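Colleague: I have a few minutes before the group meeting; could you put the model on the screen and talk me through it?

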Amino acid sequence: MNETIKSIMERNSCRDFKDTPLTEEQLKTIVDAALAAPSAMNRQPWHVVVVKDKAIVDELDAAGIDVITKNNPEALERMKERGGKIFYNAPCVIYVLSDGSAYGSMDSGILTQNVCIAAQSMGLSTCIVGMANMPLTGEKGDEYKKMLKFPEGYEFAIGILLGTPNTGKEPHELVPEKVTYIG
């Protein structure tokens with residue numbers, strides 16, 4: 001099996017990261033892979049914010065848990081079963097922002113897939129987390145957007161946790177019934 005296909009097939013969502021910081025070389029490779037993503041008409045309707053300051057990651061995590069506690073207690077119970085954190089102790093959180101254009105969400109998803117497959121190929125792990133948006137919806141949401149240097153006109157699209165896995169996990173099972181062949 002070629003290495004790209006192997007990385008795709010072995011990728012899983014990590015929810016247990018070591019606190020080992022990423023190297024500058026690892027981050028540069030991941031960011032380059034993100035920016036190499038194709039986009040509709042090459043508009044590149046994204047902006048990427050890489051948060052590697054552990055104190056900021058922890059602050060955003062706590063703020064997100066606070067929002068969930070106030071607004072969605074059922075989700076909080078599930079979070080507690082998984083360690084009580086949104087970011088699972090990841091040393092790096094990537095915020096993928098979109099300009100809101102027609103293909104912004106799709107193009108941000110393509111960029112996210114590039115990040116996840118590149119990380120997998122490098123022996124790192126990822127977890128795509130929509131809940132990375134939680135701290136941005138709370139009382140200090142606008143402050144966090146300023147702190148994270150969101151450019152004018154860009155909004156949260158996708159969050160990606162990135163780091164070295166503490167424990168392994170099998171990838172999800174393929175479901176061939178989800179495919180229809182015509183012709």
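Modeller: Let us begin with a charged pair, bearing in mind that this is a predicted model: the side chains of Lys 145 and Glu 155 meet in a salt bridge, at 3.2 Å from N to O.

Colleague: Where do Lys 145 and Glu 155 lie?

Modeller: Lys 145 belongs to helix 7 (residues 141–147) and Glu 155 to strand 4, so the pair ties together parts that are 10 residues apart in sequence. Glu 155 has a relative accessible area of 44% and is therefore partly exposed.

Colleague: How many salt bridges does the structure hold?

Modeller: The structure holds 9 salt bridges. One of the pairs is Lys 52 with Glu 24, whose side chains meet at 2.6 Å, N to O. This pair links distant parts of the chain, 28 residues apart, with Lys 52 in the loop between strand 1 and helix 3 (54–71) and Glu 24 in helix 2 (residues 24–35).

Colleague: And Glu 24, is that buried or exposed?

Modeller: Glu 24 is exposed, with a relative accessible area of 53%, whereas Lys 52, at 45%, is partly exposed.

Colleague: What about Asp 32 and Lys 28, where do they lie?

Modeller: Both lie in helix 2, 4 residues apart, which is about one turn of the helix, and their side chains meet in a salt bridge of 2.6 Å, N to O. Asp 32 counts as partly exposed at 38% relative accessibility, while Lys 28 counts as exposed at 51%.

Colleague: Which residues are linked in a network of salt bridges?

Modeller: Asp 66, Lys 70 and Glu 139 are linked in such a network.

Colleague: Okay, changing topic to the sheet: in what order do the strands come?

Modeller: The sheet is open and formed by 4 strands in the order 1-2-4-3, with antiparallel pairing. Strand 1 (46–51) and strand 3 (125–128) are the edge strands, each of them pairing on one side only, and the twist from one strand to the next averages 20°.

Colleague: How many bridges pair strand 2 with strand 4?

Modeller: Strand 2 (residues 92–98) and strand 4 (residues 155–163) pair in the antiparallel sense over 7 bridges. As a marker within that pairing, Leu 97 has Phe 156 of strand 4 as its bridge partner.

Colleague: Phe 156 caught my eye; which aromatic residue does Phe 156 pair with?

Modeller: The structure holds 2 aromatic pairs, and in one of them Phe 156 meets Tyr 95 edge-to-face, with 5.9 Å centre to centre and 70° between the planes. Tyr 95 lies in strand 2 and Phe 156 in strand 4, so this pair ties together parts that are 61 residues apart in sequence.

Colleague: Is Tyr 95 buried or exposed?

Modeller: Tyr 95 counts as buried, at 0% relative accessibility. Phe 156, at 17%, also counts as buried because the cut-off is under 20% relative accessible area. These two residues form one aromatic cluster together with Phe 150.

Colleague: Last thing, the surface: which residues make the nonpolar patch?

Modeller: The nonpolar surface patch of about 520 Å² is made by Met 1, Ile 5, Ile 8, Met 9 and Leu 174.

Colleague: Where is Ile 8 found?

Modeller: Ile 8 is found in helix 1 (residues 3–10), and with a relative accessibility of 38% it counts as partly exposed.

Key: Residues are numbered from 1 along each chain as its sequence is written. This is a predicted model: local features need pLDDT of at least 70, side-chain atom pairs count only at pLDDT 80 or more; totals for chains, interfaces and linings use all residues. Side-chain values use heavy atoms; hydrogens and water are left out. Two strands pair if DSSP finds at least two bridges between them. Helices (H or I, at least four residues) and strands (E, at least two) are DSSP runs, numbered from the N terminus. Axes are lines fitted to C-alpha atoms, for helices over the stretch in contact, and angles run from 0 to 180 degrees between N-to-C directions. Patches are made of residues with over 30% relative accessible area and no salt bridge: like charges are joined within 9 Å, nonpolar side chains (Val, Leu, Ile, Met, Phe, Trp, Tyr) within 5 Å. Accessible areas come from the Shrake-Rupley method with a 1.4 Å probe; for residues, only the protein chains shown count as cover. A salt bridge is a side-chain nitrogen of Lys or Arg within 4 Å of a carboxyl oxygen of Asp or Glu. Buried means under 20% relative accessible area, exposed over 50%, partly exposed in between (1.4 Å probe, protein chains only). Rings of Phe, Tyr and Trp (its six-membered ring) pair if their centres lie within 6.5 Å; planes under 30 degrees apart count as stacked, over 60 as edge-to-face and the rest as tilted.
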